[in-house]
Amino acid sequence: MYSEPVVKTSPLHVLGKIAFMAGLTALAGWGAHHVGIAVKPLQVVAVCTFTSVIFTTLFFPAHRIAVAFLGVAVLVGTRGMTLQGMLHTAELDIILFLVGMMIIVGALKDLGFLTWIIQTIINTKKMTGTTFTVILCVLSALLSSLIGEISSIVVVLALVFQVCDTLKIRATPFVLIAVLCTNIGSAATMLGNPVGIFIGNKAGLTFSQFVFGAVPIALVALVSTMIVVLLWYRKSIAGMSLKMEEHRKVHQGLGPLVRIPHRRGFFVLTATILIIAFHHQIENILGLTGADNTNAFLIITPLIIAGLLMVYRPRRARHYVENEIEWWTLLFFMLLFAIAGGLQEQEVTGKLADKLAEITTGGPKALIPFVLGITSIGSAFVDNIVFVAAFNPVIQSLLEHSSGYSILWWALLFGACFGGNITVVGSTANIVALGLLEKRGHDHISFFEWIKVGLAIGVLTGAIAWGMLNVMEMPKPLGHRPEAKAAALPAAATGFSPKTAQ
Amino acid sequence: MHKTAPPTKVSLSLTSFFSADDILPHQEDVSRNQLIRQLLLHVANGHGLMEVDAYYTAIIERENANNTVVSNGIAIPHARINDLQRPYVGVATSTKGIRFAEDEPPVHLILLVLIPRDQPGLYLQILRALANILRDRDAARSVSQLATAEEVMRFFERGGMILPDYVCAADIMDDEFIALRDNDTLKTCIDCFIAKQVSEIPVLDCDGDMVGIVRAGALLKVCLPEYLLWMSDLSPIINFEPFTAILHNEQDTRLSGILLEDFASVQMNAPAVSVAGEITRHNASRCYVLNGKKLMGLISLPRFLNKVFRE
């Protein structure tokens, strides 16, 4: 289970960071007031609360839940947010979806399916460094798009460590390759990253719409990344090829040759993905239509599968719930969503959206680089969900101006996922990978070692996303109306008021 | 408000537990059990202790279980007694020597110690107080030559023999241990596990500093990669396929792969009770006693329990 590292620092250093953080938070409050998006005192409180959570994730990541707790208390206590509003914006549907998926992934490990994947690759005949790297890239992206970035990186790194330990070579380049591709693959589906399900659900996209929009861009980004890393790490890859050849000469494999049963796990994963892929059709059959039931079956599918799995393996049910779910992360998400809801309730995000619409010329597409850039840079340093939570109400408010702004959901998605590659702390997958690498005594990746390749890949994939969002016809949410009609109708009638978008 | 200074701790001398009246010099031609009974009766009469038979049985049972010959002709028969208010010590000497155990030379100086059951450290503190004469090869024989109880008493008084304030880790450690070098191979390590029938071995660097431990369990972890352990049911693996790699590589693999740097350890002068803390905190079966980084000895959990509850 992933846990936050607590770094010991001197009291003076801590005080300095707190003072700096407080200064920046106050500056954000003053700035928001100055530009007119936080006019009333409660609006300033909402801005400062949200900003302090952002800075806590940056400066004191181990304390982020503590500060988020206090933030919610401040908002409710100062009447910056109603209790009902807090419960409404905590996005319990998304949290339950993630809980269900985490249990399913735990069961997939338990049933041997993920072990079987590793065994299959290890036992591949005539493997070279290049084929291993290509397999690693594809596997990282594919797995992260299906079982989530955190579970995926754990599986993929088990493979990397097994191969590198056996060959006695440095694992770090392959860890980096795996993480870069994991973050890219995580943008491809709603299952890949918590921001995926959040954005998909908020945008009102079905699973298949999301896939049709995200996969082409993720695929191009993956292939480009693969080419870059094959060149960037050519020496390490060549070294691996040599070692593999030496190993083959003495008839040694890359790991134990064990036959792992995989059919049950394969069935569980396939059933989950198929049901999720056809959730919209099932919703129609079941009469789950209307704004209140948007993506209802998508949300409950993981709960159904997880429930059935726990019925099937009752002795493991408690283990799944207690050990396979990242409660720490999910709790932070809930609190963060609630605090971002405070911005919405205080109409700060609405004012920000109005400002953005006013100052931007060139329509919604002109805002793509802005959202993509801000989210990428932000996600490089703090949890990507923070920026997604912040932009969500802004985009919803922009949609009141024009439904064309729905393109920004995609910019938000790719900015959040691809931006995570830029630094070592850019995504949870990066932090988990770094922790695993250090825990196993293999190596340490410095901030600068990471940023060299991370920045190159971040800029490249960001540019790809920007370019493709400009030329591609991205799937529109169900109920989307053509631009001319949308402009002619008041926001409330377009079916895209913030309320209905939820 | 007036503050009272904390009471200063007065160091106890071994001689505060007995006087010349508790000493029986020149006990010749008697067996171990006879001597113990005579000495016990003598102390009991002097201090009004009633349960002599029960004390005698306890001391003999303890002696039969594990003789109390400490070194250089000295024996310290003892027992933990319920409801005893304070320790009682009786001393006997024998010029000819008395055989306490088949495989030990005759003893010339005998200290019989009765300790309250709830003061487990006292016996060890008395042993520490006797450290100087325990180290001196001729001390027991010299004392046995002294003619009177008063002269024996003066010998003890001259020696100082202050009881330490507490029992430290070094007092209860076993200083005989096996260790591996950090450049040893997995083969040496596996051989050691099998030959010595141990499941944990400390690892030292070339300077003798302790760098970690290797556990037989960690070796199994290397054989069974983590991803195999994800499965709750390993029954599909019916042979020893996961061990093949180690069987191939054990001669070329260094210990670093299974070295654990997190282990239970205390410094030599740490209170013995901190050993319990370390063992519990690390869920370990033994605690290593260090002097700086140098490994001086180890305290296994059974040894610790014996020292606290039985010895």
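## Fold and extent of chain B

In this predicted model, chain B is built from 13 helices and twelve strands. Its radius of gyration is 25 Å, well over the 19 Å that the globule rule gives for 311 residues, so chain B is more spread out than a compact globule. Measured out along the principal axes, the C-alpha trace of chain B spans about 75 × 65 × 40 Å.

Of the 311 residues in chain B, 33% count as buried. When contacts in chain B between residues at least 6 apart in sequence are considered, 67% of them join residues at least 24 apart.

## Domains of chain B and the segment around Ala170(B)

The domain assignment divides chain B into domain 1, covering 14-165, and domain 2, covering 180-310. The centres of these two domains of chain B, taken over C-alpha atoms, are separated by 40 Å.

Ala170(B) belongs to helix α7 of chain B, which runs over residues 169-172, and the bounds given for domain 1 (14-165) and domain 2 (180-310) do not include this helix. Because 19 C-beta neighbours lie inside 10 Å, a count under the 20 required of a buried residue, Ala170(B) is classed as partly exposed. Leaving aside neighbours within four places in sequence, Ala170(B) is in contact with Met268(B), Asn269(B), Val289(B) and Met296(B). By contrast, 42 Å separate the C-alpha atoms of Ala170(B) and Trp230(B), although these residues are 60 apart along the chain.

## Contact between the chains

The contact between the two chains takes 14 residues from chain B and 18 residues from chain A. On the side of chain B that touches chain A, helices α10 (226-229) and α11 (244-249) each supply at least two residues. By class, this side of chain B has nine nonpolar, three polar and two charged residues.

Ile118(A) offers a local view of a contact that crosses from one chain to the other. This residue sits in helix α6 of chain A, residues 113-122, and counts as buried because 24 C-beta neighbours lie inside 10 Å, where 20 or more are required. Beyond its neighbours within four places in sequence, Ile118(A) is in contact with Val155(A), Ala158(A), Leu159(A) and Gln162(A), and also with Tyr227(B) of the partner chain. Ile118(A) and Gln162(A) are 44 residues apart in sequence, while their C-alpha atoms are 9.2 Å apart in space.

## Nonpolar cores

In soluble globular proteins, nonpolar side chains tend to be buried together. Here the largest nonpolar core has 168 residues, and those with the most contacts inside it are Leu157(A), Val160(A), Ala178(A), Leu336(A), Leu408(A), Leu412(A) and Leu413(A). Helix α8 of chain A, residues 149-167, gives the most to this core, with 13 residues. Leu413(A), one of the residues with the most contacts inside the core, touches Ala187(A), Val195(A), Gly196(A), Ile199(A) and Ala214(A) when residues up to four places away in sequence are not counted.

Apart from the largest core lies another, of 64 residues, among them Leu114(B), Ala140(B), Tyr288(B) and Phe304(B).

## Domains and confidence in chain A

For chain A, the domain assignment gives domain 1 as 1-80 and domain 2 as the two segments 92-192 and 207-318. The C-alpha centres of these two domains of chain A lie 35 Å apart.

Chain A has a mean pLDDT of 86, and 93% of its residues reach 70 or more. Over residues 481-502 of chain A, however, the pLDDT is below 50, and this stretch has 31 contacts in the model beyond near neighbours in sequence.

## Two residues with positive phi

Glu91(A) has a phi near 55°, a positive value in a residue other than glycine. Its place is the loop between α4 (83-89) and α5 (92-110) of chain A, and Glu91(A) is buried because 24 other C-beta atoms lie within 10 Å.

Gln197(B) likewise has a positive phi, of about 55°, although it is not a glycine. This residue is found in the loop between α8 (186-196) and β8 (200-204) of chain B. With 7 C-beta neighbours inside 10 Å, where 12 or fewer define an exposed residue, Gln197(B) therefore counts as exposed, whereas Glu91(A) is buried.

How values were computed:
Residues are numbered from 1 along each chain as its sequence is written. Chains are lettered from A and ligands numbered from 1 in the order in which they are written. This is a predicted model: local features need pLDDT of at least 70, side-chain atom pairs count only at pLDDT 80 or more; totals for chains, interfaces and linings use all residues. Helices (H or I, at least four residues) and strands (E, at least two) are DSSP runs, numbered from the N terminus. Two residues are in contact if their C-beta atoms, placed from the backbone, lie within 7 Å. Domain bounds come from an automatic or database domain assignment. Ala, Val, Leu, Ile, Met, Phe, Trp, Tyr, Cys and Pro count as nonpolar, Asp, Glu, Lys and Arg as charged, and the others, Gly among them, as polar. pLDDT is the predictor's confidence in each residue, from 0 to 100. The radius of gyration is taken over C-alpha atoms; the globule rule is 2.2 Å times the number of residues to the power 0.38. A nonpolar core is a set of buried Ala, Val, Leu, Ile, Met, Phe, Trp, Tyr and Cys residues joined through C-beta atoms within 7 Å.
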